[in-house]
Amino acid sequence: MAKIPVIAITMGDPGGIGPEILVKALEKEKPSSHCVYLVIGARQVFETLRQKTGLFVSFKNMDSEESRFGTRRLSLTGGRSYFLDISKELPGPGAFKIGKLYRGNGELALAAIKKAASLAGQGIVDAIVTAPVNKAAIRLVNKKFIGHTEFLAQKAGVRRVAMMFVSPR
């Protein structure tokens, strides 16, 4: 049986445009039967987005404990979007503020990126897609944070990296 690629998608800044962009992209670009999307973020962020805008994507929940085991990926069904709630792994309540520079926003965004990097390092996910973050909010948590690219390169232990953007133009 061929391995179905798992693509992790981090939610971005919970108080910014990241979650909205993610939901709109998933509405437009459903996963094919040949891959799985694993959205990593905080459930409350997407519930708030649904309440305020009506934007909603149906996710199959994946328990954080399940994501620690590479064998779990074998039961993931192609063509589906799964959701991993990282807010349960945080020491605090996972509070966030919409449209504000807020430490809680940085904590949640950084936790999602860290989780994606960890899952990639374990071979549970095959690729990471990142939604936009507010670097200033993350710097309230980690003063050395430069950006996604540098953070993921450091976690992977590599020096040569490249950032990629895709656009229809």
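Both faces of strand 4 are covered: Ser81, Phe83 and Asp85 on one side, and Tyr82 and Leu84 on the other, are all buried, where buried denotes under 20% relative accessible area, exposed over 50%, and partly exposed in between (1.4 Å probe, protein chains only). Accordingly, 5 of the 5 residues of strand 4 count as buried. The model is predicted, with local features requiring pLDDT of at least 70 and side-chain atom pairs pLDDT 80 or more, while totals for chains, interfaces and linings use all residues. Residues are numbered from 1 along each chain as its sequence is written, and side-chain values use heavy atoms, without hydrogens and water.

Strand 4 belongs to an open sheet of 5 strands with parallel pairing, in the order 3-4-2-1-5. Helices (H or I, at least four residues) and strands (E, at least two) are DSSP runs numbered from the N terminus, and two strands pair if DSSP finds at least two bridges between them. Strand 3 (60-62) and strand 5 (127-130) stand at the edges with a single partner strand each, so one side of each lacks a neighbour in the sheet. Neighbouring strands are turned by 30° against each other on average, direction ignored; axes are lines fitted to C-alpha atoms, for helices over the stretch in contact, and angles run from 0 to 180 degrees between N-to-C directions.

Helix 3 (residues 103-121) packs on this sheet and touches strand 1 (6-10), strand 2 (36-41), strand 4 and strand 5, contact meaning heavy atoms within 4.5 Å. The direction of helix 3 makes about 140° with that of strand 2.

Strand 4 (residues 81-85) is joined to strand 3 by 3 bridges, including lysine 60 with tyrosine 82. Strand 2 is joined to strand 4 by 5 bridges; glycine 41 has aspartate 85 as its bridge partner.
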